[in-house]
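Please look over the sequence and the structure shown below before reading on. The text after them walks through selected parts.

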Amino acid sequence: MLELFRKHDKETAKEYAYRVIKNNIMILNLKPDDLINESELANSLNLSRTPIREVIMKLKAEKLIQVKPQVGTFVSHIDLNLIKEALFMRYTLEQEVLREACINFKEENLLEMEKNLYMQKMLFNKKDSLLEFHELDNEFHKLLFQGVNKVNVWEAISTISTHYKRIRIIEQKENNNYSVINHHEAYIDIIKNKKSDKIEELIYAHLKSPESKWYKIIENNPEIQKYMINYN
């Protein structure tokens, strides 16, 4: 059954449908190889099939849904190759953005990052806050890119990062998020105090180091292995 979420202020019905369906895929409520039934989704979300079809096409472009001709429409498997590509792109570009932030960074963005971090800490012990925390995490990094006028770079990273985000959510289910919070505190400290010599170490710890945890989770969980492609 589709899990519904609170509708955001000013969110259109189609935007809400997109967020609900996508989030259900991300948290594995809709699992890889599950059949996508447009009529059932339309009924669950109280929409006609036309906006649902548009949402499905958008999710197909994000590689979260695949259409098998004359068979049906299904949730995509988690592609390890797409994860590696997204990680490479983000790991490479985020270092450069953080270096630029040490030279010149918008004060309002730094303030918003601090507010965001405060909210992350508030969510740390809150039950069933995984998606909310994940959204705050993404917003934190978006603010970093915005602070050096690189928001389009962040959007490009986000476009190819859907499978990367899927594995991160799986990993965050298994482990608490306090290391993420500690790393985000270090981001703010680096920007405030222009500690460019600490960037490479932090970016490795924050982005590359969790990769070993992903593989461990996959290796120890036959169910997760069934959801993967290009693994082994």
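What follows goes from single helices to helix pairs and then to individual residues.

This is a predicted model, in which local features need pLDDT of at least 70 and side-chain atom pairs count only at pLDDT 80 or more, while totals for chains, interfaces and linings use all residues. Residues are numbered from 1 along each chain as its sequence is written, and side-chain values use heavy atoms, with hydrogens and water left out.

Begin with helix H4, residues 80-103. Helices here are DSSP runs (H or I, at least four residues), numbered from the N terminus. At 1.5 Å a residue, the 24 residues of H4 should span 34 Å, and the end C-alpha atoms of H4 are 35 Å apart, which agrees. The expected span is 1.5 Å times one less than the number of residues. At the N-terminal end, H4 is capped by Asp-79, with a side-chain oxygen 2.9 Å from the backbone nitrogen of Asn-81.

H4 meets helix H8 (residues 162-174): their axes come within 7 Å and cross at roughly 100°. Axes are lines fitted to C-alpha atoms, for helices over the stretch in contact, and angles run from 0 to 180 degrees between N-to-C directions. H4 and H8 are therefore roughly perpendicular to each other, a term for angles of 65 to 115 degrees. From H4, the contact (heavy atoms within 4.5 Å) involves Leu-82, Ile-83, Ala-86, Leu-87 and Arg-90, and from H8 it involves His-163, Tyr-164 and Ile-167. These residues of the contact of H4 with H8 divide into 6 nonpolar, 1 polar and 1 charged. Here Ala, Val, Leu, Ile, Met, Phe, Trp, Tyr, Cys and Pro count as nonpolar, Asp, Glu, Lys and Arg as charged, and the others, Gly among them, as polar.

H8 also packs with helix H1 (residues 13-26), at an angle of about 55° and with the axes 9 Å apart. That makes H1 oblique to H8; angles under 35 degrees count as roughly parallel, over 145 as roughly antiparallel, and those outside these and the perpendicular range as oblique. Lys-22, Ile-25 and Met-26 of H1 make the contact with Thr-162, Lys-165, Arg-166 and Ile-169 of H8. The split for H1 with H8 is 3 nonpolar, 1 polar and 3 charged.

Now take single residues. Is Gln-95 of helix H4 buried or exposed? At 9% relative accessibility, Gln-95 counts as buried, where buried means under 20% relative accessible area, exposed over 50%, and partly exposed in between (1.4 Å probe, protein chains only). Not counting residues up to four places away in sequence, Gln-95 touches Ile-199, Glu-200 and Ile-203. A polar atom of the Gln-95 side chain lies 3.3 Å from the backbone oxygen of Tyr-91.

Glu-38, in helix H2 (residues 38-45), counts as buried at 16% relative accessibility. Its side chain and that of Arg-53 are joined by a polar contact of 3.2 Å. A polar contact is a pair of N or O atoms within 3.5 Å; within protein, one must be able to donate a hydrogen and the other to accept it, and residues adjacent in sequence count only if both atoms are side-chain atoms.

Two residues other than glycine have a positive phi: Lys-10, near 65°, and Asn-149, near 60°. Lys-10 is in the segment before H1 and is exposed, with a relative accessible area of 84%. Asn-149 is in the loop between H6 and helix H7 (151-159) and is exposed at 58%.

Definitions and conventions:
Helices (H or I, at least four residues) and strands (E, at least two) are DSSP runs, numbered from the N terminus.
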